[in-house]
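User: I have a model open on my screen and I'd like to learn how to read it. Can you take me through it feature by feature?

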Amino acid sequence: MANAMLHQTVGTLQLHGSSGIHCQDGNNSVRLVPKGFKVEVGFCKRGICSSGEKKFSVIQASASQTSVFDPVLSPSNNGTHESLKKSNEAALILIRHGESLWNEKNLFTGCVDVPLTKKGVEEAIEAGKRISNIPVDMIFTSALIRAQMTAMLAMTQHRRKKVPIIMHNENEQARVWSQIHSEDTIKQSIPVIAAWQLNERMYGELQGLNKQETADRFGKEKVHEWRRSYDIPPPNGESLEMCAERAVAYFKDEIEPQLLSGKNVMIAAHGNSLRSIIMYLDKLTSQEVISLELSTGIPMLYIFKEGKFIRRGSPIAPTEAGVYAYTRKLAQYRQKLDEMLH
Ligand SMILES: O=C(O)[C@@H](CO)OP(=O)(O)O
C-alpha cells in the first residue's frame, strides 16, 4: 500500500469506461490514474465514485508514491510487452468454448448457461497447449460459464504461469472486496473481464429445443434460416446481425483500445459472437459470414499492427514453427520463455 506523504488538493477527473477509477471514503484507496488524467493519484472524499465525469476532492501524492494498481489498467513490466507496445503490435487470440453439455445433446443453447462436457474440458486444455507460447495480458470472456471454463482451463497450460483473475466490477462493493494489495502479485496476474455482450446470440424460443426435432417439426429450410441467415431472428431471439451489433460494439469500445495500447488479448466466447467479431476483423460481407463455421476449442490468432488485423490462422501445436515465425515479437517472446524456464 502507499505510504508516501499525501497532501490535499481539489481537481476534476474524467472517468470513463467500466474500468474507470473508483474510490471509497475513508479507506485511502489509492489508484494509479491512467494516462490522460489530470491528477496522478486520487481518493474520493465524498463516497463512492464510478464512471462518468465527477468533480471531487482528491488527495495528491508525491512523485515517488507507490500505489495500488488497478490490474485492468496497470501496464505490464515485461520487457517484451514494452517493445510490443512501442512497435504498436499485439496478439489477439479468439477461442470458441469447448463442447458444452448441450452441444453434446444437440440442443439450441444461446444464452442458457451450460457447462462443458469432459470432451469440452479436454478441448480447452488442448487449446491452451496450442497458445502456451503466445503472450496474454488480458482475457475477455462472455458472462457464460462455458466460455469462462474454456479460458481458465486453457490458461492452466500457459508457460508464463500468470494467474487469470476474474474482475468483479458489478458494483462498488464487489470491486473493493476483490482488490489485490500487492503490486508484485498483480504483475503475475491476468485480468479476466466477463461481458454479457460477448454471450452467444440469444436463441429465443428455440433455447432448450433439440435441433434435429426442431428441423423435423418446422422443416430443414426454416431451421437453417433461423440458424444461419444474417438478419432473420429465430422466434423472440436475436439474429446474427443483432448479436453482431452488441458484440462488435463491445469489441471496438473495450477490446480494441487494449490492443492499441499493446496488450495481448485472448477472447473466449461463442460460435455466433465470434463469427460477428471475425466478420468485423476480416471485413466479411453478410453473405460470407453466414457460411463461416467455428469448431469448438480451436484457437485463432490475429496480429494487430498499425491499426490493422492480420489473420494468422490457428496455432497447431505449441512447437509449430510457423506460428512463431509470424512476427519477430512472438518469436522473441517464446525465446524469452525458453530462457526463463530452462
Ligand atoms: O445452440 C447454440 O447456441 C448455437 C451454438 O452451439 O447453435 P448454432 O450452431 O445454431 O449457432
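Analyst: Sure. Let's start with how elements get their names: helices and strands are DSSP runs, with at least four residues for a helix and at least two for a strand, numbered from the N terminus. Keep in mind that this is a predicted model. As an example of the naming, histidine 224 lies in helix H8, which spans residues 220-228.

User: Is histidine 224 buried or exposed?

Analyst: The cut-offs help here: buried means under 20% relative accessible area and exposed means over 50%. Histidine 224 has 52%, so it counts as exposed. You can also use its C-alpha atom as a ruler end: the C-alpha of lysine 329 is 43 Å away, with the two positions 105 residues apart along the chain.

User: Now the sheet. How do I read one, and what is the strand order here?

Analyst: The general idea is that strands in a sheet pair through backbone hydrogen bonds, in a parallel or an antiparallel way. In this model, 7 strands make an open sheet, and going across you meet S7-S8-S6-S9-S5-S10-S11, with mixed pairing. The edges are S7 (163-166) and S11 (308-313); each has a single partner strand, so one side of each has no neighbour in the sheet. From one strand to the next, the twist averages 25°.

User: Which strands does S10 pair with?

Analyst: Look at S5 (residues 89-96) and S10 (residues 299-305): they run antiparallel and are joined by 7 bridges. S10 also pairs with S11, again antiparallel, over 5 bridges. Leucine 301 is a handy landmark, as it stands opposite isoleucine 93 and also opposite glycine 313 in S11. As for cover, 6 of the 7 residues of S10 are buried.

User: What about backbone angles? Which residues should I look at for a positive phi?

Analyst: Most residues other than glycine have a negative phi. That gives you a few places to stop at here. In the hairpin of S10 and S11, with 2 residues between the strands, glutamate 306 has a positive phi near 45°. Asparagine 106 has a phi near 60°, and it sits in the loop between helix H2 (101-104) and helix H3 (118-130). Lysine 161 is another non-glycine residue with a positive phi, about 60°; you'll find lysine 161 in the loop between helix H4 (145-155) and S7.

User: How do asparagine 106 and lysine 161 count in terms of accessibility?

Analyst: Asparagine 106 has 33% relative accessibility, so it counts as partly exposed. Lysine 161 is at 53%, so it counts as exposed.

User: Last one: the ligand. What surrounds it?

Analyst: Begin with the neighbours, then go to the atom pairs. The residues around the ligand include Arg96, Asn103, Leu107, Phe108, Thr109, Glu200, Lys211 and Asn272. Sorted by class, the shell has 3 nonpolar, 4 polar and 5 charged residues.

User: And which polar contacts can I pick out?

Analyst: Try these, each to an oxygen atom of the ligand. A side-chain N or O atom of arginine 96 is 3.3 Å from one. For threonine 109 the partner is a backbone N or O atom, at 2.9 Å. Asparagine 272 uses a side-chain N or O atom, at 2.9 Å. As for cover, the ligand on its own has 310 Å² of accessible area, and the protein covers 94% of that.

How values were computed. Residues are numbered from 1 along each chain as its sequence is written. This is a predicted model: local features need pLDDT of at least 70, side-chain atom pairs count only at pLDDT 80 or more; totals for chains, interfaces and linings use all residues. Side-chain values use heavy atoms; hydrogens and water are left out. Two strands pair if DSSP finds at least two bridges between them. Axes are lines fitted to C-alpha atoms, for helices over the stretch in contact, and angles run from 0 to 180 degrees between N-to-C directions. A residue is near a molecule or strand if one of its heavy atoms lies within 4 Å of it. A polar contact is a pair of N or O atoms within 3.5 Å; within protein, one must be able to donate a hydrogen and the other to accept it, and residues adjacent in sequence count only if both atoms are side-chain atoms. Accessible areas come from the Shrake-Rupley method with a 1.4 Å probe; for residues, only the protein chains shown count as cover. Ala, Val, Leu, Ile, Met, Phe, Trp, Tyr, Cys and Pro count as nonpolar, Asp, Glu, Lys and Arg as charged, and the others, Gly among them, as polar. Buried means under 20% relative accessible area, exposed over 50%, partly exposed in between (1.4 Å probe, protein chains only).
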